[in-house]
Amino acid sequence: MNELSIEELKAIEEWGRRVRREKANWEFIRKLPSKLRRALEYYIETGDPYVASRIAGLKVEEFNELRIKAGVPST
Amino acid sequence: MAHPTELLTPKDLEILEEWGRRVRREKANWEFINSLPNNFRKALEYYIETGDIRTASVKFNINIYLLNELRIKAGIPSTI
Amino acid sequence: MRLASLDTCFLIDWALYRRRNYIIKIFDKILISEHVLREIYSGKTLDFVTELLSKGFMTLIPLTSQEEEIARRLITIALSDPRIPELHETEVYAVAIALTYNTIIVTENKAVLWLKIYYPNEIPQPVWRSIDVLLELVKKSVIKVNNIEDALKIVEEYSIDVKHSFSHIDIRRFQEEVMLWLTQQNS
């Protein structure tokens with residue numbers, strides 16, 4: 001498989017951000033405590049589960065469960 | 001050109017310690033502080049005395065962010 | 001590239017400042033350790049930190065044995081010198097990150113400041129407090145000032161927003177640096 005170009009990488013990032021935003025259950029997310037809400041918002045923006053889990057104060061696996069509950073796809 | 005912190009000397013630190021303690025004591029809302037539960041009151045008193053919010057949060061087991069919010073509610077300026 | 005390592009003591013105050021985002025204009029990247037994230041869980045500090053992280057202005061730095069070793073050394077010094085206040089995890093790791101990645105240390109923590117003054121060889125990196133960051137915002141023209149009164153207004157704004165008092169020593173030196181800078185700008 002050919003390496004992705006920078007433009008392609010940027011396009012994938014943008015696509016990922018859009019998909020995560022669209023699919024997220026914002027009603028669920030808004031009701032969460034600040035730290036968890038912020039962590040999901042960070043994840044939706046960046047797709048980075050590690051830092052998101054650090055913001056949430058959760059293990060990566062725990063954050064992943066939260067992400068699924070919030071309807072946010074991994075991309 | 002130098003930044004203010006670069007120019008600090010040990011003598012300055014002594015002056016700042018005394019100045020900081022005086023300012024924190026004067027500006028503190030003691031009525032509010034004395035109305036708080038024991039642990040929070042002691043943490044703020046410690047902070048007023050030392051200006052060290054980190055050690056206050058560790059010693060009295062209060063999250064530093066929360067303690068800072070409380071400091072502000074109690075009218076105590078951060079110094080140094 | 002100008003990097004900064006920030007600790008919680010600085011962030012919990014700076015996040016309250018109305019111009020807090022200007023800090024990204026004077027540093028190419030801000031580094032924090034996980035310890036900082038653990039301590040903030042709501043309010044303006046959390047908003048500020050997560051915003052900078054998501055926009056790529058701030059980076060979470062994993063700690064390695066190198067930082068652990070530096071932290072151990074600094075804590076040992078602090079323990080053995082009664083002049084140095086207690087040095088705790090978040091702050092010592094902020095310094096360790098600064099030493100590893102050659103960054104400016106931005107803190108409001110007494111122990112770090114005292115260590116820098118009494119043991120400058122152990123912490124060769126510059127240590128900045130909020131007064132130094134505000135000065136840099138002036139010198140880099142991030143906040144435009146035409147005279148000393150404008151500059152002092154910036155300090156006053158910060159004092160009001162954060163409920164912080166600057167000492168006469170710091171105000172005097174801030175004024176002197178701004179005067180020097182203004183003179184250079186006008187010549």
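**Exercise 1. Chain contacts**

Task: In this predicted model, find which chains share the most contacts among the two pairs of chains in contact.

Solution.
Step 1. Look at the pairs in contact. There are two of them, and chains B and C share the most contacts.
Step 2. Check the pair that is left out. Chain A and chain B do not touch. Their nearest C-alpha atoms lie 13 Å apart.

**Exercise 2. The B–C interface**

Task: Describe the contact between chain B and chain C by residue number, by element and by residue class.

Solution.
Step 1. Count each side. Chain B puts in 29 residues and chain C puts in 37 residues.
Step 2. Assign the chain B side to elements. Those giving two or more residues are α1 (10-27), α4 (53-59) and α5 (64-73) of chain B.
Step 3. Find the main contributor. The largest share of this side comes from α1(B), with seven residues.
Step 4. Sort by class. The side of chain B that touches chain C holds 17 nonpolar, eight polar and four charged residues.

**Exercise 3. The A–C interface**

Task: Do the same for the contact of chain A with chain C, and state which element gives the largest share of the chain A side.

Solution.
Step 1. Count each side. Eleven residues come from chain A and ten residues from chain C.
Step 2. Assign the chain A side. The elements α3 (34-46) and α4 (49-56) of chain A are those that give two or more residues.
Step 3. Name the main contributor. α3(A) supplies seven residues, the largest share of the side of chain A that touches chain C.
Step 4. Sort by class. The chain A side has three nonpolar, three polar and five charged residues.

**Exercise 4. Chains A and B as folds**

Task: For chain A and chain B, give the secondary structure, the extent, the buried fraction and the share of long-range contacts, counted as those that join residues at least 24 apart.

Solution.
Step 1. Take the secondary structure. Chain A has five helices and zero strands, in the order α-α-α-α-α. Chain B also has five helices and zero strands, with the pattern α-α-α-α-α.
Step 2. Take the extent along the principal axes. The C-alpha atoms of chain A fill a box of roughly 40 × 25 × 15 Å. The C-alpha trace of chain B spans about 45 × 25 × 20 Å.
Step 3. Take burial. In chain A, 29% of the 75 residues are buried. In chain B, 36% of the 80 residues count as buried.
Step 4. Take the contacts between residues at least 6 apart in sequence. In chain A, 51% of these join residues at least 24 apart. In chain B, 56% do so.

**Exercise 5. One residue, A:F28**

Task: Place A:F28 in its element, and decide whether A:F28 is buried, exposed or partly exposed.

Solution.
Step 1. Locate the residue. A:F28 sits in helix α2 (residues 26-30) of chain A.
Step 2. Apply the cut-offs. Buried needs 20 or more other C-beta atoms within 10 Å, and exposed means 12 or fewer. A:F28 has 15 C-beta neighbours inside 10 Å, so A:F28 counts as partly exposed.
Step 3. List the contacts beyond four places in sequence. A:F28 is in contact with A:K69 and A:A70.
Step 4. Compare sequence with space. A:F28 and A:G71 are 43 residues apart in sequence, yet 8.9 Å apart C-alpha to C-alpha.

**Exercise 6. The two domains of chain C**

Task: Give the domain bounds of chain C and characterise the contact between the domains.

Solution.
Step 1. Read the assignment. It gives domain 1 (3-128) and domain 2 (130-186) of chain C.
Step 2. Separate the centres. Over C-alpha atoms, the centres of domain 1 of chain C and domain 2 of chain C are 22 Å apart.
Step 3. Count the contact. Domain 1 of chain C gives 14 residues and domain 2 of chain C gives 13 residues.
Step 4. Find the main contributor on the domain 1 side. Helix α1 (residues 8-14) of chain C gives the most, with three residues.
Step 5. Sort that side by class. It has nine nonpolar, no polar and five charged residues.

**Exercise 7. A helix pair in chain C**

Task: Classify the packing of helix α4 (residues 65-80) and helix α5 (residues 89-101) of chain C.

Solution.
Step 1. Take angle and distance. The two helices, α4(C) and α5(C), pack at about 120°, with their axes 9 Å apart.
Step 2. Apply the classes. Roughly perpendicular covers 65 to 115 degrees, and roughly antiparallel starts over 145. α4(C) and α5(C) are therefore oblique to each other.
Step 3. Add handedness. α4(C) passes α5(C) in a right-handed crossing.
Step 4. Name the residues. From α4(C), C:Q66, C:E67, C:I70, C:A71, C:L74 and C:I75 take part. They meet C:V92, C:Y93, C:V95, C:A96, C:I97, C:L99 and C:T100 in α5(C).
Step 5. Sort by class. The contact of α4(C) with α5(C) has ten nonpolar, two polar and one charged residue.

Terms used. Residues are numbered from 1 along each chain as its sequence is written. Chains are lettered from A and ligands numbered from 1 in the order in which they are written. This is a predicted model: local features need pLDDT of at least 70, side-chain atom pairs count only at pLDDT 80 or more; totals for chains, interfaces and linings use all residues. Two residues are in contact if their C-beta atoms, placed from the backbone, lie within 7 Å. Domain bounds come from an automatic or database domain assignment. Helices (H or I, at least four residues) and strands (E, at least two) are DSSP runs, numbered from the N terminus. Ala, Val, Leu, Ile, Met, Phe, Trp, Tyr, Cys and Pro count as nonpolar, Asp, Glu, Lys and Arg as charged, and the others, Gly among them, as polar. Axes are lines fitted to C-alpha atoms, for helices over the stretch in contact, and angles run from 0 to 180 degrees between N-to-C directions. Angles under 35 degrees count as roughly parallel, over 145 as roughly antiparallel, 65 to 115 as roughly perpendicular and the rest as oblique. A crossing is left-handed if the near helix is turned anticlockwise from the far one by less than a right angle, and right-handed if clockwise.
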